[in-house]
Amino acid sequence: MNTLTTIILSGLSLAMLLALVRLVRGPSLADRVVALDLMASLAIGFMAIYAVGTEQPVFLDAAVVLALIAFLGTVAFARFIEEGELPWRRT
Amino acid sequence: MAAHLSFVLFLVGMVFMLLAAVGVLRMPDLFTRMHSSTKSATLGVGCVMLGVALYFGDFAIATRAFAVTVFVFLTAPVAAHMLARAAYFCDTPLCTLTLSDDMRGCYDLRTHVLASRYGLQERLLVLRLPTGSALAGKSLAESRLGSVLGVNVVAILRRDQTHLAPAPDTELQVGDRLLVQGRAEQLVGADGQCHLPLAQGDLEVEGLVSGETGMAEVRLSPRSSLVGQTLRESGFRQRFKVNVLAIWRGDAPRPIRLSDSALQAGDLLLLRGPRHALDALRTVPDFDSFRPLLDTDVTMIHHLHQRLVALDVPTDSTLVGKTLAESHLGDEFGLTVLGIRRGDAVHLIPVSEEELQAGDTLLVEGRPEDLAALRELEDLEVDLQAVDELGDLELESEQVGLAEVRLSPQAHLVGKTLSEAHFRGVYGLSVLAVRRRGRIHRSGLRDMRLRPDDLLLVYGPRERLRVLCDELGFQVLTDEV
């Protein structure tokens, strides 16, 4: 892993920390979901850079999967916020 | 080389993602935070993935990087929209600096269905022109439907045809049904008849002369500064505190709108006003001869009868609470209000700031045709059933459309009212609603002073709408409302 990838990874880590602060602070659930969504995007970038740094393109597959999962997570949260309860619990 | 380029892309991507994180932490409310996170994080991921594809230079890896990019670009807007919509329903507070919330009042909070912002369908009404109506053969502009009833004529239904956004010179025919947009409760009385803001009243014309008020006849001197000016331009009423009842030129009173015609030397003016104001005119050099009149001066009164009429202000009139200036009786109808009877008292020479009250009787002067036009509107019948059947009428066609227009601060309309700017005449479009700071105004638009950032819902021929788009100061937001 060379210096440049290390710098970029530290920058992304810093961004991750900032998003974490928002995740903890809230104040509303929607704010936390936004922070979480951003963290997923940051993680995708992190994995891609890590794959470059370690010369291991396999890590990219994890990035593909995370991109799919993060979207589903945000949509589920949005549904939950809008409906106010879990859809299968509704009478 | 490719490796260098890809590291540049990584750096750019990292900077964008870092900015997204800073935005999410520092922005003041949820929606601005979402704005920063969704936009720049997506761009950051895109940059990084492009760099990865370049760095490895392998087809299989480039495909994966491409797949991630496409997927993020597709899903980020959808997820952000769902989340913002959900948060909006939960009354997530907006930043205190927010100027306007365009969505306020547009959602049904129970069903989460977006309603038509302007609720145009709720305010549609059908008026029918009965047989024998004096309005038949007149153009829409001449009928003065819009100004008297305060409605917009959206369409004319004639036999099986529908004429959308009829031009002001469209002739009305017997049996026409007019689809108008306006406040139903203001228009329709309990009897299902069209209610005019004014009704025929009774006031003895002979009551014009009382102890305090008299009439006089003066001749305009050739040296007068009033020659060539209209009564309105010269501010006659403010200047001399008297009303002009008639202008005689030669042998007959001139059958014109008094306030709009230029005066000539030698014109004989019939004046009415407080006696002291009349007496003061004896010494004014603008007038040559001065002759006080008695109400027994039969020939004068006889001519006046045709030009004077009494109008009642009914309790449900739209004019109640408006000042004389706001009532537009003067500029729209060429009528001059000579007196107001309220209870037992008669106010003569009312000022233009005088507020009209229910039960007032106005003594007005005007051309017989103008007075007739006012009465003809009473013939219109309200067709309440037709509204249901026409409720689904498509208001837009290939030729006619609706558009939402935002006024920018440099628009020349800013600070004026629609009637002052002659919007309808200049642009050939009607304004159906005005949205200001999230509130929708649908009545009294003609007298609303426009401000920058007002949104106007305009309706009319598409080519006219395009002309409006090109004009400075109109920012067309959408043509589908």
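The following dialogue concerns the helices of chain A and the side of chain B that touches chain A.

Modeller: This is a predicted model, in which local features need pLDDT of at least 70, side-chain atom pairs count only at pLDDT 80 or more, and totals for chains, interfaces and linings use all residues. Residues are numbered from 1 along each chain as its sequence is written, while chains are lettered from A and ligands numbered from 1 in the order in which they are written.

Biologist: How do you know that the span of helix 1 of chain A agrees with what is expected?

Modeller: Helices are DSSP runs of H or I with at least four residues, numbered from the N terminus. The expected span is 1.5 Å times one less than the number of residues. Helix 1 (residues 3–25) has 23 residues and should therefore span 33 Å; its end C-alpha atoms are 33 Å apart, which agrees. Just after this helix, G26(A) takes a positive phi of about 75°.

Biologist: What is the corresponding result for helix 2 of chain A?

Modeller: Helix 2 (residues 29–54) reaches 37 Å from its first C-alpha to its last, close to the 38 Å expected for its 26 residues. E55(A) follows helix 2 of chain A, with a positive phi near 55°.

Biologist: Why is helix 2 of chain A called mostly covered?

Modeller: A residue is buried if 20 or more other C-beta atoms, placed from the backbone, lie within 10 Å of its own, exposed if 12 or fewer do, and partly exposed in between. In helix 2 of chain A, 19 of the 26 residues are buried, and the helix is described as mostly covered. In helix 1 of chain A, the buried residues include I8(A), G11(A) and L12(A). Helix 2 of chain A and helix 1 (2–26) of chain B are among what covers the buried residues of helix 1 of chain A.

Biologist: Why is helix 3 of chain A called roughly parallel to helix 3 of chain B?

Modeller: Angles under 35 degrees count as roughly parallel. The axes, which are lines fitted to C-alpha atoms over the stretch in contact, come within 9 Å and cross at roughly 10°. Helix 3 of chain A is therefore roughly parallel to helix 3 of chain B.

Biologist: What joins the two chains?

Modeller: Two residues are in contact if their C-beta atoms, placed from the backbone, lie within 7 Å. By that rule, 41 residues of chain B are in contact with 39 residues of chain A. Helix 3 of chain B gives the most to the side of chain B that touches chain A, with 15 residues.

Note on methods:
Helices (H or I, at least four residues) and strands (E, at least two) are DSSP runs, numbered from the N terminus. Axes are lines fitted to C-alpha atoms, for helices over the stretch in contact, and angles run from 0 to 180 degrees between N-to-C directions. Angles under 35 degrees count as roughly parallel, over 145 as roughly antiparallel, 65 to 115 as roughly perpendicular and the rest as oblique.
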